[in-house]
Amino acid sequence: MGIQEEAALIDKVCEIYHKISGLETLKPCRDVDTLFTQLVLTCIPPSPIDVTKLPKRVQEIRSKLIRLCGQAEGLLESHFSTLLGSSFDNPLDHLDVFPYFSNYLKLGHLEFSILAQHTAQVPPSRVAFVGSGPLPLTSIVLATNHLTATAFHNYDIDPSANSMASRLVSTDPDLSKRLFFHTTDIKDVTGELKKYEVVFLAALVGMDKEEKVEVIAHLAKHMAPGAILMLRSAHGARAFLYPVVEPCDLMGFEVLSVFHPSDEVINSVVVARKFSAMAPVQSFDHHHQGQGVISNGSAHAAAGPLLLPCKCCEQKIQAFSSPLNKIDELAIEKHF
């Protein structure tokens with residue numbers, strides 16, 4: 001990308017930001033749909049832009065834009081969670097009314113494949129999902145299709161989100177016994193975190209670098225040694241939509257793999273393991289679902305991250321692409 005192309009991209013993103021920030025509401029409607037569609041289509045093409053080197057004014061706009069995206073995404077999920085809960089006796093039989101349910105089916109398959117590669121015990125008996133929201137589709141899909149005996153403990157700071165999510169699963173005889181909802185700030189959870197073999201961290205938990213690193217540091221302190229952390233990041237222009245997590249931000253973890261999709265999927269996926277002095281470092285399958293995997297075979301028991309190529313060490317992370325990566329976690333075309 002040349003200087004002119006990068007400048008045009010930044011101008012377009014800033015233009016859309018000013019239009020979004022001028023909306024009266026971010027609740028699902030035609031105007032909201034149109035602007036966020038434009039934003040996503042602007043940011044989704046693979047781009048080498050480094051958002052950390054943007055001018056301060058653009059950095060501030062990016063920070064505000066990420067928060068607006070988070071608000072809109074939460075309102076979209078609330079809309080469909082309420083619709084499902086009020087319209088059907090068995091809401092989980094009708095999840096396909098959510099326009100992007102098929103994306104979550106693909107995401108669940110992908111993340112289950114990753115877990116099967118990197119966890120010693122498959123399926124794990126207890127999993128935590130931090131930032132589950134009012135429509136906890138990742139937990140529902142994994143619990144229904146892949147981890148059919150696993151207990152999912154969903155954490156969200158918003159009591160109304162947990163109330164809506166709990167109502168969705170309450171009529172299902174199986175999931176109502178395996179999906180649990182906790183209303184709390186994850187930074188207030190300590191000893192309980194040691195009970196989970198796997199912790200998922202939603203993309204919008206920690207809306208900027210400082211908040212995200214603070215949450216990761218808390219997880220590093222309190223997760224069980226050897227437990228898996230799966231979190232979502234962003235790369236290139238997609239970093240206007242979601243916070244960026246570099247492998248070198250994961251102090252206390254061994255980074256196992258980083259996936260930077262080059263197709264329609266917005267989020268990158270980072271998989272890491274809590275350091276354990278007794279746990280050997282496993283090698284990785286470089287043919288996992290046709291995707292490349294960054295790996296490092298050396299063992300470390302120190303508190304810092306196992307260094308893989310990242311901006312912190314001024315090396316390039318490889319981009320990955322797979323048919324499974326057709327996952328768009330921010331709605332490109334919302335239908336109401």
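## Aromatic pairs and the largest pocket

In this predicted model, Phe80 and Phe98 are both buried. Their rings form an edge-to-face aromatic pair, with 5.2 Å from centre to centre and 85° between the planes. This contact joins distant parts of the chain, since Phe80 belongs to helix H3 whereas Phe98 sits in the loop between H3 and helix H4 (101–118), 18 residues apart. Together with Tyr104, Phe80 and Phe98 make up one aromatic cluster.

A further pair is formed by Phe129 and Phe200, which counts as stacked because the planes of the two rings lie at 20°, with the centres 5.7 Å apart. Here too distant parts of the chain are linked, Phe129 lying in strand E1 and Phe200 in strand E4 (residues 198–201), 71 residues apart. Phe129 has a relative accessibility of 6% and therefore counts as buried, and Phe200, at 1%, counts as buried as well. In total, the structure holds 4 aromatic pairs, including the two set out below.

| Pair | Centre to centre | Angle of planes | Geometry |
|---|---|---|---|
| Phe80 and Phe98 | 5.2 Å | 85° | edge-to-face |
| Phe129 and Phe200 | 5.7 Å | 20° | stacked |

The largest pocket encloses about 920 Å³ of space. It is lined by 44 residues, of which Gly131, Asp156, Ala202, Leu204 and Val205 are the closest to its centre. Among the elements that each supply at least two lining residues are helix H3 (56–87), strand E1 (126–130) and helix H8 (209–222), and H3 gives the most, with 8 residues. By residue class, the lining comprises 20 nonpolar, 13 polar and 11 charged residues.

Note on methods:
Residues are numbered from 1 along each chain as its sequence is written. This is a predicted model: local features need pLDDT of at least 70, side-chain atom pairs count only at pLDDT 80 or more; totals for chains, interfaces and linings use all residues. Side-chain values use heavy atoms; hydrogens and water are left out. On a 1 Å grid over the protein atoms alone, a cavity is a set of points where a 1.4 Å probe fits but cannot get out, and a pocket is an open set with protein on both sides within 12 Å along at least five of seven lines; lining residues have an atom within 4 Å of a point. Grid points are joined across faces, edges and corners, and a volume is the space filled by probe spheres set on the points. Helices (H or I, at least four residues) and strands (E, at least two) are DSSP runs, numbered from the N terminus. Ala, Val, Leu, Ile, Met, Phe, Trp, Tyr, Cys and Pro count as nonpolar, Asp, Glu, Lys and Arg as charged, and the others, Gly among them, as polar. Rings of Phe, Tyr and Trp (its six-membered ring) pair if their centres lie within 6.5 Å; planes under 30 degrees apart count as stacked, over 60 as edge-to-face and the rest as tilted. Buried means under 20% relative accessible area, exposed over 50%, partly exposed in between (1.4 Å probe, protein chains only).
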